[in-house]
Amino acid sequence: MAESQCSLCGSTRVQSLPLFVAMVGAGPGLRKEWLQPEEVSLSRGRPLLIVAVGVVALISGAILPGILVAVGGAVWLSRVNQTMRSNEKERKEWLGKRICLNCEKTFPPPT
Ligand SMILES: [Zn+2]
């Protein structure tokens, strides 16, 4: 009972958000914020390439530039990984989200 009650207006007309979106369809009544976050696809290839270039520079004697480039590539790579992880988390969370049919507030699944 408590899990299917709106925390804003107290209505019990609460439904699964993915189900609600599927029912509303792509009509004009559909709001952008109800949709599942789009999947971010970033390539790890380019940051990895930068790291490789830095390592090659390092090996061939350009120590300081090699370190700078390799570290820069590694930082970029970790940002790419972080962005992809949080995007994946948001998309998963959306699957459990609920919407109040009375006030249209969306909220995360009960924990
Ligand atoms: Zn409500």
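**Sheet, helix packing and overall dimensions of the predicted chain**

In strand E3, Phe107 is the bridge partner of Arg98. Helix H1, which covers residues 17–24, packs on the sheet and touches E1, E2 and E3, with its direction making about 85° with that of E1. The model in which these features are described is a predicted one.

The pairing of Arg98 with Phe107 in E3 belongs to a wider arrangement, in which strand E2, comprising residues 98–100, is joined to E3 by two bridges, the two strands running antiparallel. The sheet as a whole is open and consists of three strands in the order E1-E2-E3, with antiparallel pairing. Its edges are formed by strand E1 (14–16) and strand E3 (106–107), each of which pairs on one side only.

Considered along the sequence, the protein chain contains three helices and three strands, and its elements follow one another from the N terminus in the order β-α-α-α-β-β. Among the contacts in the protein chain with a separation of 6 or more, 59% are accounted for by residues 24 or more positions apart.

With regard to overall dimensions, the C-alpha trace of the protein chain spans about 70 × 30 × 15 Å along its principal axes. The radius of gyration of the protein chain is 22 Å, whereas a compact globule of 111 residues would have a value near 13 Å. As for burial, 8% of the 111 residues of the protein chain count as buried.

Conventions:
Residues are numbered from 1 along each chain as its sequence is written. This is a predicted model: local features need pLDDT of at least 70, side-chain atom pairs count only at pLDDT 80 or more; totals for chains, interfaces and linings use all residues. Two strands pair if DSSP finds at least two bridges between them. Helices (H or I, at least four residues) and strands (E, at least two) are DSSP runs, numbered from the N terminus. Two residues are in contact if their C-beta atoms, placed from the backbone, lie within 7 Å. Axes are lines fitted to C-alpha atoms, for helices over the stretch in contact, and angles run from 0 to 180 degrees between N-to-C directions. The radius of gyration is taken over C-alpha atoms; the globule rule is 2.2 Å times the number of residues to the power 0.38. A residue is buried if 20 or more other C-beta atoms lie within 10 Å of its own, exposed if 12 or fewer, and partly exposed in between; C-beta atoms are placed from the backbone.
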